[in-house]
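Work through the exercises below with the model open. Each task is followed by a solution in steps.

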Amino acid sequence: MTYDETVNYLYNCAPPFQQVGGAAYKEGLHNTIALDNHLGNPHRKFRTIHVAGTNGKGSCSHTIAAILQSAGYKVGLYTSPHLIDFRERIRVNGKPASKEFVVGFVEKEKGFFEPLQPSFFELTTAMAFTFFAQENVDVAVIEVGLGGRLDCTNIITPDLSIITNISLDHVQFLGNTLEKIAAEKAGIIKEGVPVVIGETTPETITVFQEKAHSVGAPIIFAEEEQKIITATPTADGYTYETTLFGTLHGELGGDYQVKNTNTVLNAVLQLIAAGYNISVENIQAGFATVCSSTGLMGRWQRLQHHPTVVCDAGHNIGGVTEIVRQLNRQNYKSLRIVFGMVNDKEIDEVLAIMPKDATYYFTQASIRRALPAEEMQKKAAKYGLQGGNYPTVKEALQAAQSDASPEDFIFIGGSCFIVADLLQGLQ
């Protein structure tokens with residue numbers, strides 16, 4: 001098979017969550033353990049850092065990977081979903097797994113996994129662990145796919161666990177309260193392994209404390225250990241004055257990165273305490289080059305000036321709240337928003353907080369879960385959001401650019417799959 005044929009085979013034999021939603025979710029670790037045993041337990045051949053949370057886990061994972069790369073470690077990075085190419089999920093020192101590896105893995109192992117019928121994420125996790133073992137990485141930063149307790153990445157015993165925050169998302173699997181979701185994500189807390197909690201709420205803090213205490217895991221609440229003195233937005237990111245690491249120039253520009261940065265700095269201190277050789281210069285370099293050194297995309301990513309065009313993959317109520325806050329403080333003549341969501345998110349809650357002074361270009365991503373643009377337009381009208389509907393992200397953006405003056409601000413988002421279609425189109 002060619003690489004494209006192999007990826008299509010993976011999508012067809014084990015459709016990904018991004019395409020089919022809940023039908024792709026398989027609860028429990030039995031398939032993961034069977035795959036891992038068959039492959040010779042590759043996850044035991046390198047050190048790991050485990051990152052969970054509702055929002056921010058991708059940014060934190062990439063930033064920690066960038067810092068470790070700067071420190072001279074050979075670093076695996078496993079994240080999801082991908083935006084342009086499947087291989088974005090599996091990287092070593094920022095470089096995606098080779099097409100030859102993906103093809104070879106599937107051809108070699110499909111005789112075992114076809115009868116097992118693993119989920120897409122179970123299969124790609126096994127693929128990632130195998131690749132990292134083959135590449136002899138020193139450490140791999142592993143982002144949880146969904147939840148934590150029953151996520152197939154949870155077979156690892158990491159040097160450090162990180163839980164960025166908790167908000168309502170994937171309630172059909174994780175529970176419909178913050179306490180229930182926190183309990184699922186707290187499932188990555190391991191015996192004796194330090195855990196850094198980025199943000200808490202009154203509903204979640206006790207859940208984390210009780211879980212950590214029950215397994216003897218040292219717990220650090222980043223909110224109580226502020227390492228940032230000032231955070232100043234710049235044209236190309238953020239500048240931080242910190243308590244221990246001097247001045248940091250962060251390449252990531254979203255306002256929500258301030259909280260992520262404090263989480264990462266607390267996490268790095270725990271890694272240093274665990275014996276990692278990380279200098280202040282490594283930390284500064286990691287923050288300054290996170291996108292270029294790891295391939296991170298879609299986080300308040302500025303695509304154009306005059307008019308300003310920015311995309312962001314935030315897609316749930318927690319993430320969109322931060323984006324709206326940042327949109328509200330931009331300077332523009334008119335705000336234009338290219339917007340779409342998938343049909344299993346909290347659409348009404350999100351629409352209720354979107355800016356009402358914007359012109360909207362409702363659209364849909366090229367996946368089955370996408371809410372049709374016309375339906376989104378009708379739902380949005382109930383919340384005073386006005387605009388037309390467009391069948392593709394490309395057409396919606398073209399319409400927004402055609403209408404815009406150089407002083408306008410165009411935002412594209414609502415779903416990571418809207419951003420994926422956008423970036424694929426730009427390529």
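A charge counts as sitting over a ring if NZ of Lys or CZ of Arg is within 6 Å of the ring centre and within 35 degrees of the ring normal. The model used here is predicted.

**Exercise 1.** Find which ring the charged end of arginine 87 sits over, and which ring lysine 110 lies over.

*Solution.*
- Step 1: Start at arginine 87; its charged end is placed over the ring of tyrosine 3, 5.5 Å from the centre of that ring.
- Step 2: Go to lysine 110, which lies over the face of tyrosine 9, with 5.5 Å to the ring centre.

**Exercise 2.** Give the strand order of the open sheet of 8 strands and name its edge strands.

*Solution.*
- Step 1: Read across the sheet: the order is S4-S3-S2-S5-S1-S6-S7-S8, and the pairing is mixed.
- Step 2: The edges are strand S4 (95–96) and strand S8 (219–221), each of which pairs on one side only.
- Step 3: Inside the sheet, take S6 (residues 160–163) and S7 (residues 195–197); these two pair in the parallel sense over 3 bridges. Serine 161 has valine 195 in S7 as its bridge partner.
- Step 4: Add the helix: H10 (residues 257–273) lies across S1 (47–52), S6, S7 and S8, and runs at about 170 degrees to S6.

**Exercise 3.** Describe how helix H4 and helix H11 cross, and which residues meet there.

*Solution.*
- Step 1: Two packed helices are described by the angle between their axes and the distance between the axes.
- Step 2: The axes of H4 (residues 57–70) and H11 (residues 280–288) come within 8 Å and cross at roughly 130 degrees. H4 is therefore oblique to H11.
- Step 3: The handedness of the H4 and H11 crossing is right-handed.
- Step 4: From H4, Thr63, Ala66, Ile67 and Ser70 meet residues of H11, among them Glu281, Ile283 and Phe287.

**Exercise 4.** Lay out the open sheet of 6 strands, then locate the aromatic cluster that includes Phe409.

*Solution.*
- Step 1: The strand order is S12-S13-S17-S14-S15-S16, with mixed pairing. Strand S12 (301–304) and strand S16 (386–389) are the edges, each pairing on one side only. From one strand to the next, the twist averages 25 degrees.
- Step 2: S14 (residues 335–339) and S17 (residues 409–413) pair in the parallel sense over 5 bridges, and leucine 335 stands opposite phenylalanine 409 in S17.
- Step 3: Helix H15 (residues 373–381) lies across S14, S15 (359–362) and S16, at about 170 degrees to S16.
- Step 4: Phe409 belongs to one aromatic cluster with Trp300, Tyr332 and Phe411. A search of the whole structure finds 15 aromatic pairs.

How values were computed:
Residues are numbered from 1 along each chain as its sequence is written. This is a predicted model: local features need pLDDT of at least 70, side-chain atom pairs count only at pLDDT 80 or more; totals for chains, interfaces and linings use all residues. Side-chain values use heavy atoms; hydrogens and water are left out. Rings of Phe, Tyr and Trp (its six-membered ring) pair if their centres lie within 6.5 Å; planes under 30 degrees apart count as stacked, over 60 as edge-to-face and the rest as tilted. Two strands pair if DSSP finds at least two bridges between them. Helices (H or I, at least four residues) and strands (E, at least two) are DSSP runs, numbered from the N terminus. Contact means heavy atoms within 4.5 Å. Axes are lines fitted to C-alpha atoms, for helices over the stretch in contact, and angles run from 0 to 180 degrees between N-to-C directions. Angles under 35 degrees count as roughly parallel, over 145 as roughly antiparallel, 65 to 115 as roughly perpendicular and the rest as oblique. A crossing is left-handed if the near helix is turned anticlockwise from the far one by less than a right angle, and right-handed if clockwise.
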